[in-house]
Amino acid sequence: MQLVGLGTIRFMYQWGRVMAFQERERRRTTGATHSPRSLPVYFIAAVASIGGLLFGFDTGVISGALLFLKQSFALNATIQEIAVSAVLVGAIIGAIVAGRLNDALGRKKTLLLLAVIFTAGALLTAISPNLVFFLVCRVIVGLGIGAAASVVPVYISEIAPSRLRGALVTFNQLAVTVGIAVSYWVDLAFAHANLGWPPMFASAAIPSIALFLGMLLCPETPRWLASKGRWDEARAVLEHIKGEQPEQELADIRRSLSEERQQAGIRELFIPGLRVALIVGVGLAVFQQFVGINTVIYYAPTIFQQAGFASATSAILATSVVGVVNVLATIVAILLVDRLGRRMLLLGGSIIMGVALVMLGIIFAHNAGHIGSLTLIALIIYILAFALSFGPVFWLMSAEIFPTRVRASGASMSSFANWTANLLVSITFLSLIGILGAPVTFWLYAFFGVLAFIFSWVLVPETKGRSLEQIERYWENRRHWDKAA
Ligand code: BGC
């Protein structure tokens with residue numbers, strides 16, 4: 001296994017060199033400074049979204065693997081919580097470094113690097129000889145997840161034409177949900193085959209390598225190239241991707257970049273105007289988690305068992321139904337996000353999530369009769385509402401509300417807030433149920449649903465159909481849209 005791991009990493013390194021050499025030759029022979037391949041923007045978004053798939057897979061895979069890890073490493077309850085949370089700790093760190101990496105290396109190279117981290121992490125986790133080694137590997141995988149969570153949406157938002165931006169960035173969230181669902185099935189398959197946890201984690205190497213190879217074909221984003229003064233390349237990418245004369249967009253990018261040169265880096269996020277953008281990014285991040293989504297994603301089988309699904313199999317089966325609904329509703333979100341707009345989804349979603357959570361609390365409070373099936377219905381309504389609203393819309397908005405010069409830092413700060421809130425909810429859920437009881441715990445999340453509604457109503461702008469530069473001017477103009485726009 002160790003040899004396979006090292007061999008794979010070496011192969012990726014050599015392959016990267018071959019592709020880079022071919023690219024240099026292509027430019028030399030065509031005489032172009034940069035001549036990106038003409039790839040459909042859907043393809044590019046799909047490749048980058050493999051980063052999202054890994055985010056979902058690597059967070060979801062622990063649920064089933066835990067049953068086997070418990071035996072291999074003789075884990076008590078506390079260590080189990082640590083085993084679940086290690087990846088979140090890594091993700092918090094990954095979210096912090098993502099902004100800098102993304103600006104320094106560029107979006108494409110950062111994604112290539114993350115693909116290598118994901119591959120190495122997957123293979124090393126699978127060969128963990130002891131608990132400490134395993135935990136370190138999970139933190140490393142977490143680094144990749146935390147970084148990918150903000151780098152992928154930024155990459156796609158900078159590549160996509162405005163009218164498709166919502167849908168294409170939401171591809172990433174779709175990939176996250178598919179990753180979660182697939183991880184449940186992979187766990188189930190290897191559990192049935194009695195192969196235990198190592199192949200569950202190793203499977204992540206397959207999408208990781210696909211991400212690496214796919215990204216070698218994809219271009220750098222025009223906005224990052226322009227921010228480094230590489231205007232010819234930026235123009236070439238715009239022409240190839242959007243298949244139209246990119247003059248207007250280049251002029252917009254030029255304007256926003258020339259203003260930014262006069263201003264400082266990350267500190268700029270705190271200046272009046274942009275401060276509200278930061279509040280929106282961080283606020284959406286925190287509400288996305290405080291409505292309790294990951295109590296469902298990580299602990300659904302536990303909830304179902306408490307609701308009376310006697311066997312583990314039936315609880316896991318009910319969980320996979322939730323996983324599938326999550327995927328299907330996200331597909332609907334892709335169709336709606338550029339039509340109904342972000343605000344409508346956030347407002348509707350937070351109300352419905354709130355209602356479902358209140359229902360869940362009531363069901364648990366009157367613990368009688370058919371609570372199992374009622375719980376399943378309430379959770380399905382809840383996950384539907386989440387997948388149509390805060391699930392995709394937070395990640396989308398974290399990538400589109402910040403100006404180019406601070407987009408990577410803004411997205412990475414929002415991502416950092418998201419992972420920290422995730423950790424907070426995930427490690428307190430079972431204790432809260434113990435202290436407050438299940439009904440009050442769910443009502444607490446419902447209360448955050450109400451706050452999320454008020455927050456979205458008051459502060460979140462409708463960015464549907466606006467160019468990234470128009471959004472930038474919205475903050476500069478103290479939250480007013482250009483008259484012409
Ligand atoms: C959230 C994750 C969550 C997933 C569920 C994502 O948008 O950030 O924390 O597990 O959605 O689909």
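The legends below describe close-up views of a predicted model and its ligand.

Residues are numbered from 1 along each chain as its sequence is written. In this predicted model, local features need pLDDT of at least 70, side-chain atom pairs count only at pLDDT 80 or more, and totals for chains, interfaces and linings use all residues, while side-chain values use heavy atoms and leave out hydrogens and water.

**View 1. Confidence along the chain.** The mean pLDDT (the predictor's confidence in each residue, from 0 to 100) is 87 for the chain, with 89% of its residues at 70 or more. Among the elements of the chain, helix α5 (residues 107–126) has the highest mean pLDDT, 97, and helix α1 (residues 2–30) the lowest, 62. Helices are DSSP runs of H or I with at least four residues, numbered from the N terminus.

**View 2. The shell around the ligand.** Q173, Q288, Q289, N294 and N326 come nearest among the 14 residues around the ligand, a residue being near if one of its heavy atoms lies within 4 Å. The shell comprises nine polar, five nonpolar and no charged residues; Gly counts as polar, and Trp as nonpolar. Helix α7 (162–192) is one of the helices that supply at least two shell residues, and α7 gives the most, with three.

**View 3. Polar contacts of the ligand.** Polar contacts are pairs of N or O atoms within 3.5 Å. Oxygen atoms of the ligand lie 2.9 Å from a side-chain N or O atom of Q173, 3.0 Å from a polar side-chain atom of W395 and 3.4 Å from a polar backbone atom of G391.

Technical notes
Polar contact = N/O pair within 3.5 Å; in protein donor to acceptor, adjacent residues only side chain to side chain.
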